[in-house]
Amino acid sequence: MNYKNIPLKKYNTFGLDYIAEYMIRVKTEKEAIALFKGSAAWKKPHLILGSGSNILFTSDFKGTILYPEIKGIKIEEQEPDNRNVIVSAGAGVNWDDFVAWSVNKGFGGIENLSLIPGKVGATPVQNIGAYGVEVKDRIVKVKTININDGSRRVFNNHECEFSYRNSIFKNREKGKYLVTRVYYRLAINPLLNLSYESLKEEVNKLGAETLINVRQGVINLRQNKLPDPEIIGNAGSFFKNPVVESCVALNLINEFPDIPVYKDREGYMKLASGWLIERCGWKGERRGDAGVHNKQALVLINYGNATGKEIYNLSEEIRKSVHGKFGIDLEREVEIVGVI
Ligand SMILES: Cc1cc2nc3c(=O)[nH]c(=O)nc-3n(C[C@H](O)[C@H](O)[C@H](O)COP(=O)(O)OP(=O)(O)OC[C@H]3O[C@@H](n4cnc5c(N)ncnc54)[C@H](O)[C@@H]3O)c2cc1C
């Protein structure tokens with residue numbers, strides 16, 4: 001179905017009130033193939049949109065938004081060793097509904113990713129992660145359709161080129177493939193990941209270390225810490241945590257002994273953007289209706305009537321001040337769409 005001049009307010013979690021020139025809702029793979037094999041007129045420019053929970057619109061969108069609504073969760077097979085099942089979900093399935101479904105079935109592996117906003121289709125694009133788990137460790141394959149010619153392509157895990165909040169779909173092949181279905185390997189007798197001390201404590205408050213309590217523990221922590229986009233516009237962490245060479249981290253530790261640093265790959269350390277931003281005095285700061293959350297400095301918020309540009313400008317001010325104080329360049333996790 002084709003729509004014209006669509007208000008985007010309910011299609012992005014910042015609640016920004018821009019207009020998209022066209023929107024095409026795609027309900028099945030067949031529909032997508034027919035569309036992509038047809039006229040190319042609508043394709044330039046285009047944007048594939050899930051729940052818009054990692055996007056900052058900065059102007060009206062002059063082009064076509066593709067909105068996948070492919071549904072359905074299916075147990076595809078039980079692996080021969082009886083340890084795992086392969087489950088697939090359509091790109092348009094709400095991610096947290098899928099997590100709830102798998103926890104209710106007793107399947108483990110994605111419970112630490114509870115309550116992350118967005119759709120299944122974006123999970124391999126973003127390689128979503130939380131509480132010591134990344135979705136790349138559960139994705140078996142990703143079914144896609146090439147937007148240029150309507151051909152099908154299945155990417156196995158390796159071909160997705162996953163890295164921290166990144167994949168081939170966000171990078172080298174950005175905008176070229178519509179993800180239609182994602183296949184996950186889930187454990188029948190799950191080993192719980194309670195490597196995050198705060199999660200372990202929360203689960204222990206709830207009682208036994210069970211799958212259901214891990215999900216509930218994650219939900220409790222997230223609801224305490226992060227603003228609900230239904231109430232206050234935001235896109236979660238606005239910046240990635242910077243990964244720096246170990247020598248850079250050591251220099252920072254000398255100058256700022258309480259700076260949190262975490263191990264990364266050999267020779268590299270990860271810093272906490274939220275801490276760097278907070279140390280620059282940004283927590284709770286506001287520029288009109290664009291602001292920095294007062295509980296988590298990594299989250300930028302729309303108090304109601306901010307424009308995308310105002311939020312973008314605030315993020316630039318933050319980047320400059322973090323660079324000035326620590327010599328670190330923050331990279332945005334949120335994708336900017338529109339004119340700046
Ligand atoms: C309160 C809050 C908390 C958050 N916490 C976390 C967190 O803990 N961890 C984390 O990793 N993220 C987190 N996020 C970010 C966000 O939820 C994820 O990035 C999520 O995967 C985005 O899903 P979406 O459907 O909204 O995608 P969108 O924001 O709509 O799109 C994201 C990207 O994926 C592409 N895309 C979407 N669907 C498809 C498809 N079917 N085929 C091809 N490309 C597609 C888009 O073009 C875009 O490039 C949080 C966001 C919020 C608002």
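Before the exercises, one term: two strands count as paired if DSSP finds at least two bridges between them. The model you are looking at is predicted, so treat these exercises as a reading of that model.

**Exercise 1. Describe the hairpin made by strand 6 and strand 7, including its turn.**

*Solution.* Start with the pairing. Strand 6 and strand 7 (residues 84–90) run antiparallel to each other, joined over 5 bridges. To find your place in the ladder, look for Gln78, which stands opposite Val85 in strand 7. Now move to the connection: 5 residues lie between the two strands of the hairpin. In that turn, Asn82 has a positive phi of about 60°.

**Exercise 2. Decide whether strand 6 (residues 73–78) lies largely in the open or is buried.**

*Solution.* The cut-off comes first: a residue is buried if 20 or more other C-beta atoms lie within 10 Å of its own. Next, apply that to the 6 residues of strand 6: the number buried is 0. Strand 6 therefore lies largely in the open.

**Exercise 3. Work out how domain 1 meets domain 2.**

*Solution.* Begin with the division of the chain: domain 1 covers 2–68, domain 2 covers 73–187 and domain 3 covers 233–337. Between the C-alpha centres of domain 1 and domain 2 there are 21 Å. Their contact draws on 15 residues from domain 1 and 16 residues from domain 2.

Then ask which elements of domain 1 take part. Helix 1 (29–37), strand 3 (46–48) and strand 5 (61–68) each give two or more residues to the side that touches domain 2. Helix 1 provides the largest share, 5 residues. Last, sort this side of domain 1 by class: 6 residues are nonpolar, 6 polar and 3 charged.

**Exercise 4. Lay out the sheet that contains strand 14, strand 15 and strand 16, and place helix 6 on it.**

*Solution.* First, the order: the 3 strands form an open sheet, 14-16-15, with antiparallel pairing. Strand 14 (243–245) and strand 15 (261–263) stand at the edges with a single partner strand each, so one side of each has no neighbour in the sheet. From one strand to the next, the twist averages 40°.

Second, take one pair in detail. Strand 14 and strand 16 (residues 268–271) pair over 3 bridges in the antiparallel sense, and Glu245 stands opposite Tyr268 in strand 16.

Finally, add the helix. Helix 6 (residues 246–255) packs on the sheet and touches strand 14, strand 15 and strand 16. The direction of helix 6 makes about 95° with that of strand 14.

Terms used:
Residues numbered from 1 in each chain as written. Predicted model: local features only at pLDDT ≥ 70, side-chain atom pairs only at ≥ 80, totals over all residues. Buried ≥ 20, exposed ≤ 12 C-beta atoms within 10 Å, placed from the backbone. Helix = DSSP H or I, 4+ residues; strand = E, 2+ residues; numbered from the N terminus. Domains from an automatic or database assignment. Contact = placed C-beta atoms within 7 Å. Nonpolar A, V, L, I, M, F, W, Y, C, P; charged D, E, K, R; others polar. Axes fitted to C-alpha atoms, helices over the stretch in contact; angles between N-to-C directions.
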